[in-house]
Amino acid sequence: MAGNSAHVKRLLQTKQCQGGDLSEANLAQLNLSSADLSGAKLMFANLHGANLNSTNLSGADLCFANLVAADLTNADLRGIDGKGLNLLDAKLHSANFSGADLGFSTFVNSNLHEANLSGADLDGANMIGAKLNSANLSGTDLGGANLGHAELIGANLSNANLSDARLVGADLSDANLSGANLSSANLLNANLSGANLSGANLSGANLANAQLEGAIGLYMDTQAGTRRHDTQRSGTPQSSPAYVTFSQPGVYRADSSALGLPHPGLP
């Protein structure tokens, strides 16, 4: 077992190791629920399958740590350095990652329902199949992240950076994407029904076969002019189809009128 042996022993005996050196330690399958690991050094540590339910890991260094199938439900991970962190199949329900550095980390098939990732850096993260329903991703950097077939139903992505992100087949129904940067994002076959896209940047985005029924804050450029597509859930049904195939990327654009900004081309 690597890491400082005295620190590892203290953790196992007391579940207290604030600021301790646990780098490269083998802590797989251990019950560390409600432990205090705030500020601890856990670089390359093996926490595969560990029980970290409600554990305090705020400010910890978890770079390249192995947390595959770990239980981090309700865990405090605010401000962690988690570059390259592996959270494959992890349980992260209601975990708090606000302000964390999670660049190029792995969240494949992880459960992040109602998790807080606001202001986190997830640049280049692999989040294929992740469940982020009702999660808070406001202001999060997801540039270049892979969210293919991820579930983001009702998620808050307001002002998030999703430029160059891969969202193929993702479920973004009823998500809040107001002010988000979706430039050059790949939304092929994505479900955006009921999503709020007011003020979003969709330049160069691929929306081929995306489901847009009830999407808020969009308008489409046509040869005959500009046509609104701002379906109100309780209003008159619109003539726009639920599924739209785009021959040119970026033909759909966000409607800035909801934000009180000038709206070019609209009467």
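## Overall fold

Read from the start of the sequence, the protein chain runs α-β-β-β-β-β. The model is predicted. Its secondary structure comes to one helix and five strands.

Contacts between residues 24 or more positions apart make up 11% of the protein chain's contacts with a separation of 6 or more.

## Surface and burial

The protein chain has 267 residues, and 49% of them are buried. Its accessible surface comes to about 11000 Å². Carbon and sulfur atoms account for 46% of that surface.

## The nonpolar core

The largest nonpolar core holds 76 residues. Phe97, Leu157 and Leu167 have the most contacts inside this core.

Leu167 has many leucine partners. Leaving aside residues up to four places away in sequence, Leu167 touches Leu147, Leu152, Leu162, Leu172, Leu182, Leu187 and Leu188, among others. Its contacts also include Ala185, Asn186 and Ala190.

## Leu52 in its loop

Leu52 sits in the loop between α1 (5–14) and β1 (210–211). Is Leu52 buried or exposed? Leu52 has a relative accessible area of 1%, so it counts as buried, the cut-off being under 20%.

Residues up to four places away aside, Leu52 touches Leu32, Ser33, Leu37 and Leu47 on the earlier side of the sequence. Later in the sequence, Leu52 touches Leu67, Asp71, Leu72, Thr73 and Ala75. Asp76 is 24 residues from Leu52 in sequence, with a C-alpha to C-alpha separation of 9.8 Å.

Technical notes:
Residues numbered from 1 in each chain as written. Predicted model: local features only at pLDDT ≥ 70, side-chain atom pairs only at ≥ 80, totals over all residues. Heavy atoms only, no water. Helix = DSSP H or I, 4+ residues; strand = E, 2+ residues; numbered from the N terminus. Buried < 20%, exposed > 50% of the residue type's maximum accessible area, 1.4 Å probe, protein only. Contact = heavy atoms within 4.5 Å. Areas by Shrake-Rupley, 256 points an atom, 1.4 Å probe, with all protein chains shown as cover. Core = buried A, V, L, I, M, F, W, Y, C linked by side-chain atoms within 4.5 Å.
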